[in-house]
Amino acid sequence: MISSPLIPERTALLLMDLQHSLLSALPGAERILRAAQRAQRAALDAGIREIHVRVAFTPEDHAAVPAHNKAFAPVARAGALAATEPENEVHPALREAHEDQPLTVTKTRVSAFSTGSLDPLLREQGIDTLVLGGIFTSGVILSTVRDGADKDYRLLVLGDVCGDPDQQLHDTLITSLLPSQADVIDVAAFEAAARTEAAR
């Protein structure tokens with residue numbers, strides 16, 4: 001249940017880190033992709049902006065990662081998540097719904113806001129409500145919720161468009177931690193809210 005109506009022109013759907021290189025290691029990836037496609041269709045029908053976020057590195061980005069960064073120093077040393085590799089693009093299943101491809105923002109840290117370009121983009125367009133889905137729940141979802149809440153966005157997390165290699169951790173975040181800063185809903189609730197707005 002969504003506590004108050006969505007205003008399409010002030011809302012964006014952020015699908016984050018749904019790229020083959022990460023999905024391939026995640027049990028239930030196909031289910032998450034199908035749920036994300038449903039969210040895409042609902043957003044499109046309601047006139048809600050869709051933005052993709054991916055994590056990928058140029059050689060310069062790899063070189064800029066300090067050796068003490070526990071999460072990304074190993075990525076930099078291995079030259080992993082290279083921006084030019086097709087497997088690090090947004091998953092093809094999420095690009096099929098649009099003739100004109102949604103904006104894709106590339107980041108080199110965990111939170112979607114770590115790029116520095118996302119927040120000004122949203123502010124310029126008058127967007128104050130974010131509907132979030134992606135992997136991993138303990139990574140981009142948690143970090144983006146924390147950052148977004150501190151930036152005073154209204155946040156909705158699509159629980160069935162999230163996943164994590166640690167299912168117990170995912171469940172704990174979805175049920176206990178994330179609800180302190182975001183409304184955790186399922187795609188069906190988002191579809192219902194979007195249909196209401198599309199019918200206005």
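**Entry 1: the loop after S4**

I began with Phe136, which sits in the loop between S4 and helix H6 (137-150). I looked at the peptide bond that joins Ile135 and Phe136 and found it to be cis, with omega about 5°. I note here that the model is predicted.

**Entry 2: the sheet**

I next traced the strands. Six of them form an open sheet with parallel pairing, in the order S3-S2-S1-S4-S5-S6. I looked up the edges: strand S3 (103-107) and strand S6 (183-185) hold these places, each pairing on one side only. I also took down the twist, and on average neighbouring strands of this sheet are turned by 25° against each other, direction ignored.

I then followed the pairing of S3 with strand S2 (residues 49-55). The two run parallel and are joined by five bridges. Within this pairing I located Arg54, which stands opposite Thr106 in S3.

**Entry 3: helices on the sheet**

I asked which strands helix H2 (residues 29-46) touches as it packs on the sheet. I found contacts with strand S1 (11-16), with S2, with strand S4 (129-135) and with strand S5 (154-163). The direction of H2 makes about 145° with that of S5.

I looked up helix H7 (residues 167-177) as well. This helix lies across S5 and S6, and runs at about 155° to S5.

**Entry 4: two aspartates with positive phi**

I examined the backbone of Asp17, in the loop between S1 and helix H1 (20-23). Asp17 is not a glycine, yet its phi is positive, at about 60°. I then asked whether Asp17 is buried or exposed. Its relative accessibility is 5%, so I recorded Asp17 as buried, the cut-off being under 20%.

I turned to Asp152, in the loop between H6 and S5. Asp152 is likewise no glycine and has a positive phi of about 70°. Its relative accessibility is 67%, and because over 50% counts as exposed, I entered Asp152 as exposed.

**Entry 5: salt bridges**

Side chains of opposite charge can pair when their charged atoms come close. I therefore looked for such pairs, and the count comes to five salt bridges. I describe three of them below, pair by pair.

I looked at Arg10 and Asp128, whose side chains meet in a salt bridge at 2.5 Å, N to O. Arg10 lies in the segment before S1 and Asp128 in the loop between helix H5 (118-124) and S4, so this pair ties together parts that are 118 residues apart in sequence. I noted Arg10 as partly exposed, at 36% relative accessibility, and Asp128 as partly exposed, at 25%.

I returned to Asp17 and asked which residue forms a salt bridge with this side chain. The partner is Lys107, with the closest N and O atoms 3.1 Å apart. Since Lys107 lies in strand S3 and Asp17 in the loop between S1 and H1, the pair ties together parts that are 90 residues apart in sequence. I found Lys107 to be buried, and Asp17 also.

I then went back to Arg54, which meets Glu89 in a salt bridge of 3.6 Å, N to O. The pair links distant parts of the chain, 35 residues apart: Glu89 is in the loop between helix H4 (73-78) and S3, and Arg54 is in strand S2. I compared the burial of the two residues. Glu89 is partly exposed, with a relative accessible area of 32%, whereas Arg54 is buried, with 9%.

**Entry 6: nonpolar cores**

I closed with the interior. The largest nonpolar core has 39 residues, and those with the most contacts inside it are Leu18, Leu158 and Phe190. I checked which elements supply this core: S1, H1, H2, H4, S4, S5 and helix H8 (187-198) each give at least two residues. H2 gives the most, with nine residues.

I selected Leu158 and asked which residues it touches, leaving aside residues up to four places away in sequence. I listed Leu13, Ala39, Val131, Leu132, Ile185, Asp186, Val187 and Phe190. Phe190 was already in my notes as one of the residues with the most contacts inside the core.

Finally, I recorded a second, separate core of 25 residues, with Val53, Leu142, Tyr153 and Ala182 among them.

Methods: Residues numbered from 1 in each chain as written. Predicted model: local features only at pLDDT ≥ 70, side-chain atom pairs only at ≥ 80, totals over all residues. Heavy atoms only, no water. Pairing = 2+ DSSP bridges. Helix = DSSP H or I, 4+ residues; strand = E, 2+ residues; numbered from the N terminus. Axes fitted to C-alpha atoms, helices over the stretch in contact; angles between N-to-C directions. Contact = heavy atoms within 4.5 Å. Buried < 20%, exposed > 50% of the residue type's maximum accessible area, 1.4 Å probe, protein only. Salt bridge = Lys/Arg side-chain N within 4 Å of Asp/Glu carboxyl O. Core = buried A, V, L, I, M, F, W, Y, C linked by side-chain atoms within 4.5 Å.
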